[in-house]
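Me: I've got this one open on my screen and I keep tripping over the labels people put on it. Can we go through what earns each label?

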Amino acid sequence: MLFTEAVPHNHALALRLEEVGASDATVVMPYADVLVGNPETGVVAGGAVTTLIDAASGTAVMAALDAFAAIVTLDLRIDYLRPARPGLPLTARAECYKVTRLVAFVRALVHQGDPALPVASSQGTFMRVED
């Protein structure tokens, strides 16, 4: 199943899974006028950036788990460091750096081509849902 088919919201934002490693994931969100939060500046709305981070972070957790498991976002703290430049895609790279029996810990950065100039950073926790 494709990344955007698994989560309809990812499809609506045209998120593209760029890369997946053993415990990390990179997801790209192309710029679109419908994602703009302020028409005067053309800056993408914070909610779209939040969804991008959540998608990349959740994918990193799935990559870090031994087997497929349903997960839910417990906490996602985002620091918006600067406005995104209009017209450019946003890239989120997330790393799942610790997995316990039920909880996974993730950090992520969002940039527009240069990871040294992040637009946002995040820390999140995700819980494995047991049957």
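Me: Start with Ala48. Where does Ala48 lie, and why is Ala48 called buried?

Reply: Ala48 lies in helix H3, residues 46-64. Keep in mind that the model is predicted. Buried means under 20% relative accessible area, and Ala48 comes in at 7%, so it counts as buried.

Me: What does Ala48 touch, leaving out residues up to four places away in sequence?

Reply: Ala48 touches Leu13, Met29 and Leu35. The cut-off there is heavy atoms within 4.5 Å. For Leu35 there is also a backbone distance: the C-alpha atoms of Ala48 and Leu35 are 6.6 Å apart, with their positions 13 residues apart along the chain.

Me: Now Asp66. What makes Asp66 exposed or buried?

Reply: Exposed takes over 50% relative accessible area. Asp66 has 83%, so it is exposed. Asp66 sits in the loop between H3 and E5. From Asp66 to Leu15 it is 25 Å, C-alpha to C-alpha, and the two are 51 residues apart in sequence.

Me: On to strand E2. How do you know whether E2 is enclosed or not?

Reply: Count the buried residues: six of the six in E2 are buried, so E2 is largely enclosed by the rest of the structure. Both faces are covered too, with Asp24, Thr26 and Val28 buried on one side and Ala25, Val27 and Met29 buried on the other.

Me: Take Thr26 as the worked case. Why is Thr26 called buried?

Reply: Thr26 has a relative accessible area of 12%, and buried means under 20%, so Thr26 makes the cut. Thr26 is in strand E2. Beyond its sequence neighbours up to four places away, Thr26 touches Arg16, Leu17, Glu18, Glu19, Thr91, Ala92 and Arg93.

Me: How do you know that E2 pairs with E1?

Reply: Two strands pair if there are at least two bridges between them. E1 and E2 have four bridges and run antiparallel, so they pass. One of the matches is Leu17, whose bridge partner in E2 is Val27. A hairpin of three residues joins E1 to E2.

Me: And what makes E2 and E6 a pair?

Reply: By that at-least-two rule, six antiparallel bridges settle it, so E2 (residues 24-29) and E6 (residues 90-99) are paired. Met29 stands opposite Leu90 in E6, and Asp24 stands opposite Glu95 in E6.

Me: How many bridges join E6 to E7, and what do E6 and E7 form?

Reply: Eight bridges join E6 to strand E7, residues 103-111, and the two run antiparallel. Among the matches, Cys96 has Val106 as its bridge partner in E7. E6 and E7 form a hairpin with three residues between them.

Me: What order do the six strands of the open sheet take, and why are E1 and E5 called edge strands?

Reply: The order is E1-E2-E6-E7-E8-E5, with antiparallel pairing. E1 (16-20) and E5 (71-80) each pair on one side only, and those are the edge strands. Neighbouring strands in this sheet are turned by 20° against each other on average, ignoring direction. As background, strands of a sheet pair through backbone hydrogen bonds, either parallel or antiparallel.

Me: Last label. How many cavities of 30 Å³ or more are there, and what volume does the largest cavity have?

Reply: One cavity meets the 30 Å³ mark, and the largest cavity has a volume of about 40 Å³. The label cavity means that a 1.4 Å probe fits there but cannot get out. Its lining includes Val61, Leu65, Ile71, Phe126 and Arg128. E7 and strand E8 (120-128) are the elements that give two or more residues to that lining, and E8 has the largest share with three residues.

Me: What classes of residue make up the lining of the largest cavity?

Reply: Nine residues of the lining are nonpolar, one is polar and two are charged. Val99 and Leu102 are also among the lining residues, and both Val and Leu count as nonpolar. Arg101 is in the lining as well, and Arg counts as charged.

Methods. Residues are numbered from 1 along each chain as its sequence is written. This is a predicted model: local features need pLDDT of at least 70, side-chain atom pairs count only at pLDDT 80 or more; totals for chains, interfaces and linings use all residues. Side-chain values use heavy atoms; hydrogens and water are left out. On a 1 Å grid over the protein atoms alone, a cavity is a set of points where a 1.4 Å probe fits but cannot get out, and a pocket is an open set with protein on both sides within 12 Å along at least five of seven lines; lining residues have an atom within 4 Å of a point. Grid points are joined across faces, edges and corners, and a volume is the space filled by probe spheres set on the points. Buried means under 20% relative accessible area, exposed over 50%, partly exposed in between (1.4 Å probe, protein chains only). Axes are lines fitted to C-alpha atoms, for helices over the stretch in contact, and angles run from 0 to 180 degrees between N-to-C directions.
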